[in-house]
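These are my notebook entries on one protein model. I set down what I looked up, entry by entry.

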Amino acid sequence: MATDDSTADPNIVAVICGINVTNTSSIFTDGGRYCPAMFDTWACWNYTAAGNVSYISCPPLPGFDTSHFAYKECYPNGTWYLSSEERPLGFGNYSGCYAEYPGFSPLIYLMLAGSGISLVTVILAIIIFAYFKALHCQRNTIHMHLLVTFAMSRIAFILPFLGWNMEGVMCKIMMVLNEYCECANYFWMLCEGVYLHTLIVVAVFTEQKSLRWFYVLGYGVPALPTLLYVILEATVGKANENSGVQDCMTGDKLLYATKIPIVIALLLNAVFLLNIVRVLVTKLRASQSPEQNQYRKAVRATLILIPLFGLWVFLMFVEPKGNKTASSIYQYTNGFLQSFQGFLVACIYCFFNGEVKTQFRRKWERRQLNRSKMDRKGSRSFSLYTTTDYL
């Protein structure tokens with residue numbers, strides 16, 4: 001892999017750019033419409049025919065692979081992509097220049113596979129909950145909305161990898177959508193924690209009154225930090241953009257607007273989990289079952305609730321630095337858990353659910369009974385037909 005960590009002198013590159021443009025400018029005198037040649041402080045872009053895309057080798061900048069390519073789009077009106085009064089030269093796209101470009105990372109393929117599996121199983125679970133009317137209760141409604149947010153978050157993750165042009169406004173829209181979906185996902189996990197905690201420990205909500213508050217908590221509250229993120233992007237992000245930052249995500253610090261509420265939701269779920277386990281252990285001790293079975297049930301309940309409440313995030317809270325092997329293990333473990341969490345939750349809430357199995361069993365028995373009735377009816381009709389025909 002050809003990489004060069006030496007920073008090219010912008011002044012030298014600008015001079016070379018001017019010489020190359022002068023030597024080739026005679027080619028573009030046919031009266032056609034072209035985007036102007038330019039130097040954007042990173043690389044030199046030559047005249048480009050309107051409606052085309054210009055590709056150049058990546059410049060020898062730190063972290064860039066010079067065997068990769070950057071590109072810049074020339075609009076049909078002869079202006080560069082995202083040109084404006086503040087930046088008349090527009091933007092070049094250097095996202096493919098990084099030496100370890102995430103588009104070619106096995107980690108991305110793992111997360112795409114996990115997200116695809118999660119999306120399919122989550123959608124199937126939503127269909128099952130919606131189809132069987134006997135499953136329409138408050139508890140399963142909360143489960144279904146949690147599954148919906150898993151589907152939303154996985155779709156938001158997969159969309160940028162489908163070959164769409166994720167530049168400029170579209171990129172920012174996808175960033176906002178991704179942040180809202182992730183935030184809503186964790187807040188519906190909090191709804192699960194609130195529901196289970198009130199059911200086991202407090203039991204203060206009634207069936208009719210609580211659902212509306214769950215909708216507010218699950219879908220309404222995440223909109224507030226997302227709106228704050230949009231405002232910060234429109235102000236702080238715009239300032240960074242005008243300063244030459246060409247990435248659509250202008251900085252990780254702006255993401256604290258949505259990450260901090262997520263951490264608060266996880267901390268509340270951790271408190272709920274500890275209290276739920278405490279109550280479960282107390283009730284199990286009061287029962288007549290052997291002590292070994294009591295703790296086995298408590299441990300099993302805890303292990304099930306950890307992924308349902310999203311508390312595995314605390315296990316991956318800090319990425320190890322300075323050790324490449326440990327960092328790789330962390331990234332792949334975190335990517336696996338994040339992408340397959342929807343699959344795991346769908347299995348626990350739906351496919352391994354005794355109520356769901358009962359509904360499928362009844363559906364199958366009812367179908368077999370109807371088929372048996374049809375067979376007997378057909379047999380009698382055939383017998384009557386053959387007797388009449390004989391007479």
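Entry 1, Thr79. I began with a single residue of this predicted model. I found that Thr79 has a relative accessibility of 28% and therefore counts as partly exposed, since the partly exposed class lies between the limits of 20% and 50%. I located Thr79 in the loop that joins strand S6 (69-73) to H2. I then listed the contacts of Thr79 beyond four places in sequence, and they are Cys35, Glu73 and Cys74. I also looked up Tyr34, which is 45 residues from Thr79 along the chain, and the C-alpha atoms of the two are separated by 7.8 Å.

Entry 2, the whole chain. I next recorded the overall figures. The protein has eleven helices and six strands. Of its 391 residues, 37% are buried. I noted an accessible surface of about 22,600 Å², and carbon and sulfur atoms hold 64% of that surface. Among contacts with a separation of 6 or more, I found that 69% are between residues 24 or more positions apart.

Entry 3, H2 and H3. I turned to helix packing. For each pair I looked up two quantities, because two packed helices are described by the angle between their axes and the distance between the axes. Helix H2 covers residues 106-131 and helix H3 covers residues 138-158; their axes come within 9 Å and cross at roughly 150°. I therefore entered H2 and H3 as roughly antiparallel, the limit for that term being over 145 degrees. The crossing of H2 and H3 is left-handed. Which residues of H2 meet H3? On the H2 side I listed, among others, Met111, Leu112, Ser115, Gly116, Leu119, Val122, Ile126 and Phe129. On the H3 side the list includes Asn140, His143, Met144, Leu147, Val148, Phe150, Arg154 and Ile158. By class, I recorded 16 nonpolar, five polar and one charged residues in the contact of H2 with H3.

Entry 4, H3 and H10. I then followed H3 to helix H10 (residues 324-351). The two pack at an angle of about 155°, and their axes are 10 Å apart. That angle makes H3 roughly antiparallel to H10. I noted a left-handed crossing for H3 and H10. From H3, the residues that meet H10 are His143, Leu146, Leu147, Phe150 and Arg154. From H10, I listed Gln338, Ser339, Gln341, Gly342, Val345, Ala346 and Tyr349. The contact of H3 with H10 has six nonpolar, five polar and one charged residues.

Entry 5, H2 and H10. Are H2 and H10 roughly parallel or roughly antiparallel to each other? I found that their axes come within 8 Å and cross at roughly 15°. H2 and H10 are therefore roughly parallel, as angles under 35 degrees count as such. The crossing of H2 and H10 is left-handed. I recorded 18 nonpolar and ten polar residues in the contact of H2 with H10, and no charged residues.

Entry 6, Ser153. I returned to H3 for one of its residues, Ser153. Is Ser153 buried or exposed? I read a relative accessible area of 6%, so Ser153 is buried. Leaving out residues up to four places away in sequence, I found that Ser153 touches Cys181 and Asn185. Asn185 is 32 residues from Ser153 along the chain, and their C-alpha atoms are separated by 7.2 Å.

Entry 7, Gly310. My last residue was Gly310, in the loop between helix H8 (291-308) and helix H9 (312-315). Its relative accessibility is 0%, so I entered Gly310 as buried. With neighbours within four places set aside, Gly310 is in contact with Tyr186, Met189, Leu266 and Gln341. For Leu266 I also noted the spacing: Leu266 is 44 residues from Gly310 in sequence, and the C-alpha to C-alpha distance is 6.9 Å. Gln341 had already appeared in Entry 4, among the H10 residues that meet H3.

Terms used
Residues numbered from 1 in each chain as written. Predicted model: local features only at pLDDT ≥ 70, side-chain atom pairs only at ≥ 80, totals over all residues. Heavy atoms only, no water. Buried < 20%, exposed > 50% of the residue type's maximum accessible area, 1.4 Å probe, protein only. Contact = heavy atoms within 4.5 Å. Areas by Shrake-Rupley, 256 points an atom, 1.4 Å probe, with all protein chains shown as cover. Axes fitted to C-alpha atoms, helices over the stretch in contact; angles between N-to-C directions. Parallel < 35°, antiparallel > 145°, perpendicular 65-115°, else oblique. Left-handed = near helix turned anticlockwise from the far one by under 90°. Nonpolar A, V, L, I, M, F, W, Y, C, P; charged D, E, K, R; others polar.
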